[in-house]
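The following briefing concerns the structure shown below. Please read it alongside the sequence and the coordinates.

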Amino acid sequence: MTIADTQAHLEALQHRLADLLREVQTVIVGQDDVLRGIITCLLAGGHGLLEGVPGLGKTLMIRTLAAAVDLSFARIQFTPDLMPADIVGTSVLVDRPGGGRELAFQPGPIFNHIVLADEINRATPKTQSALLEAMAEGQVTAAGKTRGLPEPFLVLATQNPLEMEGTYPLPEAQLDRFLFKIDVPFPGERELLAILDRTTGTKSAAARPVLDGPTLLEMRRFVRAVPVVPSVAEYVVRVLRATHPDDVRATDLVKRYVRFGGSPRGAQAVLLAARIRCVMDGRKSPSIDDVRAVAPSALRHRVILNFEGEAEGVAIDKVIHQVLTSVPADADKSRS
C-alpha cells in the first residue's frame, strides 16, 4: 500500500468513525468521552466495563451503538440466580422430523455480536466465569463441545459503584480481560435539558446503520497496522512499570498505596487505544499525548490498591495521573 493509499484509507476511516459517532449522538446526549471509549473498544476488539450510577443511559448507549453498526445485540440482566447455562445455552430434547427425539443445543444470548452484561457484579462468581472463556478466546464450551462466537464479538458490561449490597466484586483476573474501564459521569445542566427535551416529548430518535460487521473487521486490521515510533512504545512500558511499587520510577502514591501494578495486558491496551485515538483524530501515528489520554481508562481497573489505599479512599485516577505526569517522555531523562 502506497503512502497516498494509506492517507486515503485513513481519511475514509476517520469519516466513517465520525459518521458513527454522529449517528449515536442522535439518540445519546453528550457523553462524548464515554462514546469514544466504547467505540475504541469496538475498534480494538476489546471488551469494556462501564461504571456509573443508575439512570445515566449506559444500556441505551450500548444498544444504540449496536444498531448503528448493524450488529446483533443481546442484553443479559445479571442477578444472583442467573446460571451459566442462561448465558451460553443448553441442550434440550426436541422432536425429530422423521419421528423420535434428540438432544439439540439451544445457543444462549452470548452468541451475538454485542453482548450487554448489565450489572455484572450482581451474579455469582460461577456465572461471571462463564463469560471468561468467551471474552478471552471468542468461544464457549457448552454441551461437551467448543463453539465459536460470531465475529466481531464484544462484551460491554455495566456496574453500579454505589450499591454494594448483594454484589460479587469481579476478580482481578476477570477485570484484566476488559480493555477499558469507562467512568460514566453525571450530565450537566444543558445536557439534562436536552435529555428531557428528547425523552419527554412526542418524538423518539433511533439510530440507523452506518457500518456493518465486515467493514468493522477491516477497520480493526487497519488500526493495528498503524505505525508506532519506538519512543512512544518505550514510554508506555515506563508508565506501566511505574505503576508497580517496587519499580525505580514508582511515585510516592504508588509506593504508599498500590499493592499490584498494571499487567502486560495493560500496556497492550494503552498502545492499541493510542493507535485508535490518533486514527479518530486523523493522524498517522500515536503520540505521547495519545498515551496519556487513554492510559486512565486502560489502567484504572488493573492497578490494585493495598489495604491502606482502600481504607483512605484513594482514587486510582489520582495515582495514575501522578504516574503520567512524573514519568518523562524522554527515555534519556528517565535514566538520569
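Asp 70 counts as partly exposed because its relative accessibility is 48%, where buried means under 20% relative accessible area, exposed over 50%, and partly exposed in between (1.4 Å probe, protein chains only). Asp 70 is placed in the loop between α3 (58-68) and β2 (73-77); helices (H or I, at least four residues) and strands (E, at least two) are DSSP runs, numbered from the N terminus. Although Asp 70 is not a glycine, its phi is positive, at about 55°.

This is a predicted model, in which local features need pLDDT of at least 70, side-chain atom pairs count only at pLDDT 80 or more, and totals for chains, interfaces and linings use all residues. Residues are numbered from 1 along each chain as its sequence is written, and side-chain values use heavy atoms, with hydrogens and water left out.

**Confidence**

- The average pLDDT of the protein chain is 86, and 94% of the residues score at least 70; pLDDT is the predictor's confidence in each residue, from 0 to 100.
- Within the protein chain, helix α13 (residues 288-299) has the highest confidence, at 95, while helix α16 (residues 331-335) has the lowest, at a mean of 58.
- Predicted coordinates should not be read in detail where pLDDT is low.

**Backbone features**

- Glu 119, a residue other than glycine, also has a positive phi, near 50°.
- The loop between β5 (114-118) and α5 (125-128) holds Glu 119, which is partly exposed because its relative accessible area is 25%.
- A cis peptide bond runs from Glu 151 to Pro 152, with omega near -5°.
- Pro 152 belongs to the loop between β7 (145-148) and β8 (154-159).
- Strand β6 (residues 139-142) pairs with β7 in the antiparallel sense over four bridges; two strands pair if DSSP finds at least two bridges between them.
- In this pairing, Val 140 stands opposite Arg 147 in β7.
- Two residues separate β6 and β7 in their hairpin, and Ala 143 in the turn has a positive phi of about 55°.

**Salt bridges**

- The structure contains 17 salt bridges, each defined as a side-chain nitrogen of Lys or Arg within 4 Å of a carboxyl oxygen of Asp or Glu.
- One salt bridge joins the side chains of Asp 118 and Arg 75 (2.8 Å, N to O). This pair links distant parts of the chain, with Asp 118 in strand β5 and Arg 75 in strand β2, 43 residues apart.
- Asp 118 is buried, at a relative accessible area of 7%, whereas Arg 75 is partly exposed, at 39% relative accessibility.
- Arg 122 and Glu 119 meet through their side chains in a salt bridge (3.2 Å, N to O). Arg 122 counts as buried because its relative accessible area is 16%.
- A network of salt bridges links Arg 36, Arg 277, Asp 281, Arg 283 and Asp 290.

**The surroundings of Asp 176**

- Asp 176 is located in the loop between α7 (172-175) and β9 (178-183) and counts as buried, since its relative accessibility is 12%.
- The side chains of Asp 176 and Arg 302 form a salt bridge (2.6 Å, N to O). Arg 302 lies in the loop between α13 and β11 (304-305), so the pair ties together parts that are 126 residues apart in sequence.
- Arg 302 is buried, as is Asp 176.
- Apart from neighbours within four places in sequence, the contacts of Asp 176 are Ser 263, Arg 265 and Arg 302, contact meaning heavy atoms within 4.5 Å.
- Between Asp 176 and Arg 265 there are 7.2 Å in space, C-alpha to C-alpha, and the two are 89 residues apart in sequence.

**The surroundings of Arg 220**

- Arg 220 is part of helix α9 (residues 213-224).
- Arg 220 is buried but has no salt bridge, and the nearest side chain of opposite charge, Glu 151, is 6.7 Å away. For charge, Lys and Arg count as positive and Asp and Glu as negative, while His and the chain ends are not counted.
- The backbone oxygen of Leu 42 is reached by the side chain of Arg 220 at 2.8 Å.
- Outside its neighbours within four places in sequence, Arg 220 is in contact with Leu 42, Leu 43, Gly 45, Pro 152 and Phe 153. Among these, Pro 152 is the residue that follows the cis peptide bond from Glu 151.

How values were computed: A polar contact is a pair of N or O atoms within 3.5 Å; within protein, one must be able to donate a hydrogen and the other to accept it, and residues adjacent in sequence count only if both atoms are side-chain atoms.
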